[in-house]
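Let's take a walk through this assembly, from the way its chains meet down to a single helix. Have the model open while you read.

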Amino acid sequence: MFTPVSIAGAGVISAIGNNISQHLASFEKEEAGMQQRRYLQSVHDLPVAEVKLSNTALADKAGMPDHISRTALLSAVAAMEAVEATGLKDLSRWRTGFISANTVGGMDKTEDFYAAWMQDPAKGRLRDLVHHECGAATELAADRLGIKNYVSTISTACSSSANSIFFAARLIRQGFLDIAVAGGVDSLTRFTLNGFNTLMILDKQYCQPFDEHRRGLNLGEGAGYVVLVSDEVAATLPHPPFCALSGYSNANDAYHQTASSPDGTGSYMAMKGALEKAGLTTGDIDYINLHGTGTANNDIAEGTAIKRLFEGAYPKMSSTKSFTGHTLGASGALEAVFSVLAIRYGIVYPNLRLETPMPELPFTPETRFRKGEAIRHVLSNSFGFGGNCSSLVFSKM
Amino acid sequence: MYIRAVSAISPQVSFEQLVSSPAVYTGDRLACIEPDYTETIDPKMIRRMSRIIKMGVTAAGDCLREATVTMPDAIITGTAYGCLADTESFLKRMIEFKEELLNPTSFIQSTHNTVAAQIALLLKCHHYNNTYVHRGFSFESALLDAMVRIKEGDAKTALVGGVDEITDTSHNLLRRFGQYRTHAATTTLYEEGGKGTMNGEGATFLVLSGESNSGDYARLNGLHTFYKPAGIDEVEKQVVLFLKNNHIAPGEIDLLVCGDNGDTTNDSIYKQVRSRIFANIPFLRFKHYCGEYPTATAFALWFASHVLKKGTVPADAAIRCEKPGNILVYNHFNHTHHSLFLLSVC
Amino acid sequence: MDKLMADLKRQIIEQLNLKDLKPEDIGDDQPLFVEGLGLDSIDALELIVLLQQEYKIKLANAEEGQTVFRSVRTMAQYITEHQAKTA
């Protein structure tokens, strides 16, 4: 069994807010973040969930140059909020790591470079290319935070930042680090928008996760980080930790490159494994933050796996992607932060725009916002391309 | 921790060939010597696979076969650049066709976790699966994750790989950054010196095990990475501390395997580390066999593991070192990403 | 119709990179998906791109593909119908 690791801070930025308190307000007002494109340039008229700040405004917030990748800027803003939330004055006296995740890296800049370079091979600004790699976005943020003892980046599609969070927790438990800022980020790019468009899983309207008539997902962007700390560091915190990461699991569906197996094998194994790691039973879970993208395939696969695992006693559940869209590499972390807040404030998030429950499933997600509920244990799911399925369990301390 | 098997698709044919007469290259890049993939991969699957995926899947398969492991408990890869060919293909078409008529296959295959995912799909492996994409630490992170999984008791065996490819486009773009010599040769890479190195690529896998088995290549005793050291003094401190933490004195290292790449500034770090800490220790370099790329340390481990198992060093190294017991691998990528691996004979 | 089917077979092989097949290996009525040729959902998406690129026909959603792409003949029939409509 795994000894839970304390979470001392959290930070988040997405289409529904630039920090935690703005997110809490949007959730309570049941206001989603999708709308027509404002910053991303594209020929497609698809609804997206963009962060409501330009790169210049983000750079200003982060104290970084405004010509760098939006991915790095979003990452820095959320990570800085997370670190500040801990109340810790000096990270450098501890072995501190920064473990991030993303799928796009600096592609927002690369695709601009390519457009110029394809016209003329001597053209294209090299500075738009220099931070192309996934790891480069991480380092821009790590350097900004002054973290250097351990820096790394994970990329496993939609489960990326769930994986980075529990890798960080394991490094702390195994004595490699004292503090780890862990999570992930992704910014909207034409590459991703077009990529998902070719898969024909984008909704031309606002997505309806877990609805019988769901049409697909809306892409979003954002960043989320939690600060995990060792027991030694936890003892020095100026205020109690938010909660703890108590369980995790990473399983592979091994069925198809992009589609989930109809019975949700990978999802089932990830959820089951996370509960086992936490030493909990299905009955202990008070809320599930669903992966719930709104695609025909994911929602039935995930729903079927939940039906199998929870066998008749279903906790409250919802997909917050109905608010933030699918933020890909950031989704695991965004939803980890939402899980942490759910425990702290007793929140049950609504699954927006759910009109017709799925007839195949014996349960329905929550449709109204609630707070002040008794939320002790939360299960958060992140299932991605490549069969990469991860689930995390967060618990009240 | 034991390295049960290693396998590489690299610019070299095999370790045996490398020892007697390594493949040599001139120009500014090395290229992998590749097998006929149709012999090992099902045509239905191979039709979608770009080169890097074929390389990764084949090297992984060879490694598992040699290790006699059918189902590893973890599949963890490291790649800095990811699947470049598919990324470029999708990006170029997106620009040319103004975001219309794009191919889903290239997009799907462009994601960084494709190699690890394809391996899992081929094996029908439901176990832990992860991909690290952090520049010169991509392979090291994958290896650390595997070591921790085994230490935690959540895995008995782990398949770990480091994979990166060169495409004409990526090579030309990296060249614009001044990374490479205009005209070099692997036979005189270090002696000639100058600015720049030669580009490389490879797919290298190892099976790591918590239990020893006859036929193991080497013991993996330690791994340490450090990021952006302030200067050579800090580098020295980190190396000395790593040895101390692993209860081994510099003088007990039988062989040093170093990541010199022919660029004078780059190599000065290795020269100083050697003179300051390992003055009389024989050393080997490996990048004239595989080229310079972010996951070249995977090749270094392949190389060091073979040296430990076979007890021989390549003829071109011109050193005397028979049957080394302890090998320290030290590499840095672009001065910012430094790694140390401690291996010993089984 | 025969010429269209012959063209389609060539185009399918190219679009889906079915290197070890020749056009004569694909039967006019042979199932393309699940059994027969054993194509999958990603291939279906590629065929949708093929239809648009070569024949200027856009399928509204991926599900339509299930009937249209049953065999080379059903594809040819669909194309003939839709090209007649737009002509």
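What follows covers the contacts between chains, then the domains, then one helix of chain B.

Keep in mind that this is a predicted model.

**Between the chains**

Start with chains A and B. Here 44 residues of chain B are in contact with 45 residues of chain A. On the chain B side, several elements each put in at least two residues: α4 (84-96), α5 (104-110), α6 (114-123), β4 (128-132), α7 (138-151) and α8 (168-176). Sorted by class, that side of chain B has 22 nonpolar, 12 polar and 10 charged residues.

Chain C meets chain B as well, with 12 residues of chain C in contact with 9 residues of chain B. The side of chain C involved there splits into 5 nonpolar, 4 polar and 3 charged residues.

**Chain B as a whole**

Chain B carries 13 helices and 12 strands. How far does its C-alpha trace span along the principal axes? About 60 × 45 × 40 Å. Its radius of gyration is 19 Å, which agrees with the value near 20 Å for a compact globule, because that is what the rule gives for 346 residues. Of those 346 residues, 58% count as buried. As for how the chain connects to itself, take the contacts between residues at least 6 apart in sequence: 78% of them join residues at least 24 apart.

**Two domains in each of two chains**

Chains A and B are each divided into two domains, and the table puts their bounds next to the spacing of their C-alpha centres.

| Chain | Domain 1 | Domain 2 | Distance between C-alpha centres |
|---|---|---|---|
| Chain A | residues 5-234 | residues 244-395 | 20 Å |
| Chain B | residues 2-209 | residues 219-344 | 22 Å |

In chain A, the contact between the domains takes 64 residues from domain 1 and 55 residues from domain 2. Among the elements of chain A that supply at least two residues each to the domain 1 side are β1 (5-14), α1 (20-29), β5 (179-186) and β7 (222-229). Which element gives the largest share of that side? That would be α6(A), with 7 residues. By class, the domain 1 side in chain A comes to 34 nonpolar, 22 polar and 8 charged residues.

In chain B, 47 residues of domain 1 are in contact with 38 residues of domain 2. The elements giving two or more residues to the domain 1 side are β1 (2-9), α1 (15-20), α7, β5 (157-164), α9 (189-192) and β7 (202-209) of chain B. The largest share, 6 residues, comes from α7(B). That side of domain 1 of chain B has 23 nonpolar, 18 polar and 6 charged residues.

**A closer look at α7(B)**

This helix has turned up twice: α7 of chain B supplies at least two residues to the side that touches chain A, and α7(B) gives the largest share of the domain 1 side that touches domain 2. So is α7(B) mostly covered or mostly open? Mostly covered, with 12 of its 14 residues buried. The buried set includes charged residues such as B:Glu140, B:Asp145 and B:Arg149, alongside nonpolar ones including B:Phe139, B:Leu143, B:Leu144, B:Met147 and B:Ile150.

Geometrically, α7(B) reaches 20 Å from its first C-alpha to its last, close to the 20 Å expected at 1.5 Å a residue. After α7(B) comes B:Gly153, whose phi is positive, near 80°.

Methods. Residues are numbered from 1 along each chain as its sequence is written. Chains are lettered from A and ligands numbered from 1 in the order in which they are written. This is a predicted model: local features need pLDDT of at least 70, side-chain atom pairs count only at pLDDT 80 or more; totals for chains, interfaces and linings use all residues. Two residues are in contact if their C-beta atoms, placed from the backbone, lie within 7 Å. Helices (H or I, at least four residues) and strands (E, at least two) are DSSP runs, numbered from the N terminus. Domain bounds come from an automatic or database domain assignment. The radius of gyration is taken over C-alpha atoms; the globule rule is 2.2 Å times the number of residues to the power 0.38. A residue is buried if 20 or more other C-beta atoms lie within 10 Å of its own, exposed if 12 or fewer, and partly exposed in between; C-beta atoms are placed from the backbone. The expected span of a helix is 1.5 Å times one less than its number of residues.
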